[in-house]
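Hi,

Here is the structure I promised to pass on. Have a look at it first, then read my notes below.

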Amino acid sequence: MGKTSARWWVVLGLLLLSGCAHRAPARVDNSDQPYRIGREDILDVAVWRDADLSRTLPVRPDGFISLPMVGEVKAEGRTPEELAAEVREALKPYVQDPRVTVIVREVNSSRVFITGEVTHPGAYPLRGRVSILQAIALAGGFTDFADRDAIVVLRRSGAKKAANAEGSATGGSGSTEEASEGNYISVSYRDLVEEPEKYEPLMLRPGDTIIVP
């Protein structure tokens with residue numbers, strides 16, 4: 001086993017050990033989140049009554065776009081409304097009362113990643129609301145060696161927390177629970193399947209990584 005692989009499994013082991021203490025079940029916040037622009041997305045940036053300043057262009061690998069008179073603008077991580085507001089402010093010295101609209105023409109950055117003991121690990125496009133059960137099915141299901149009750153979902157730092165405790169415990173170990181720092185979510189496949197009425201399904205978000213040990 002290489003040094004990189006060994007370090008990876010040590011990190012995973014520490015995550016699992018830190019989540020082994022009994023905690024009350026947590027409900028998952030599945031409310032719709034505003035779409036945030038990602039790399040390789042195709043954007044329509046329209047300036048009303050000014051075709052020369054309007055553009056259809058991709059978000060570059062560094063997360064920026066380039067616009068006439070505005071220059072470099074960071075698009076990655078912003079909603080279309082936030083990006084439109086920044087472009088509008090940048091154009092004010094040159095255009096009287098600029099009206100800017102940003103539309104995501106193509107979504108190319110929204111992906112989830114599945115690794116470990118699944119048949120086809122890799123990156124998968126995230127189209128609409130996808131639960132962890134659906135994502136595992138897309139990856140071909142578990143292998144014979146999968147530990148189904150020790151799944152971990154890594155959520156990118158800075159993402160809105162997906163779980164918060166509500167009410168008293170309903171019994172059992174809980175199907176989903178999030179660490180206090182909000183970086184990972186422990187998942188019990190057995191509880192999700194056998195007691196679905198107790199828990200809301202975990203809906204994935206762009207950039208999530210599912211680890212099946």
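Before we get to the sheet, one term: two strands count as paired if DSSP finds at least two bridges between them. Keep in mind that this is a predicted model.

Now the sheet itself. Three strands make up an open sheet, in the order β3-β2-β6, and their pairing is antiparallel. β3 (55–58) and β6 (100–106) are the edge strands, and each has a single partner strand, so one side of each has no neighbour in the sheet. On average, neighbouring strands here are turned by 25 degrees against each other, ignoring direction. If you wonder what holds such strands together in general, strands of a sheet pair through backbone hydrogen bonds.

Zoom in on β2 (residues 42–47): four bridges join this strand to β3 in the antiparallel sense. One to look up is D44, whose bridge partner in β3 is T56. Then find helix α2 (residues 80–91), which lies across β2 and β6 and runs at about 140 degrees to β6.

Next, the aromatic rings. How many aromatic pairs does the structure hold? Just one. F142 and Y189 sit edge-to-face, 5.0 Å centre to centre, with 85 degrees between the planes. This pair links distant parts of the chain, as the two residues are 47 residues apart: F142 is in the loop between α3 (132–138) and β9 (151–154), while Y189 belongs to helix α4 (residues 189–194).

Are these two buried or exposed? F142 has 14% relative accessibility, and the cut-off for buried is under 20%, so F142 counts as buried. Y189, at 22%, is partly exposed.

Cheers

Conventions:
Residues numbered from 1 in each chain as written. Predicted model: local features only at pLDDT ≥ 70, side-chain atom pairs only at ≥ 80, totals over all residues. Heavy atoms only, no water. Axes fitted to C-alpha atoms, helices over the stretch in contact; angles between N-to-C directions. Contact = heavy atoms within 4.5 Å. Phe/Tyr/Trp six-rings, centres within 6.5 Å; stacked < 30°, edge-to-face > 60°. Buried < 20%, exposed > 50% of the residue type's maximum accessible area, 1.4 Å probe, protein only.
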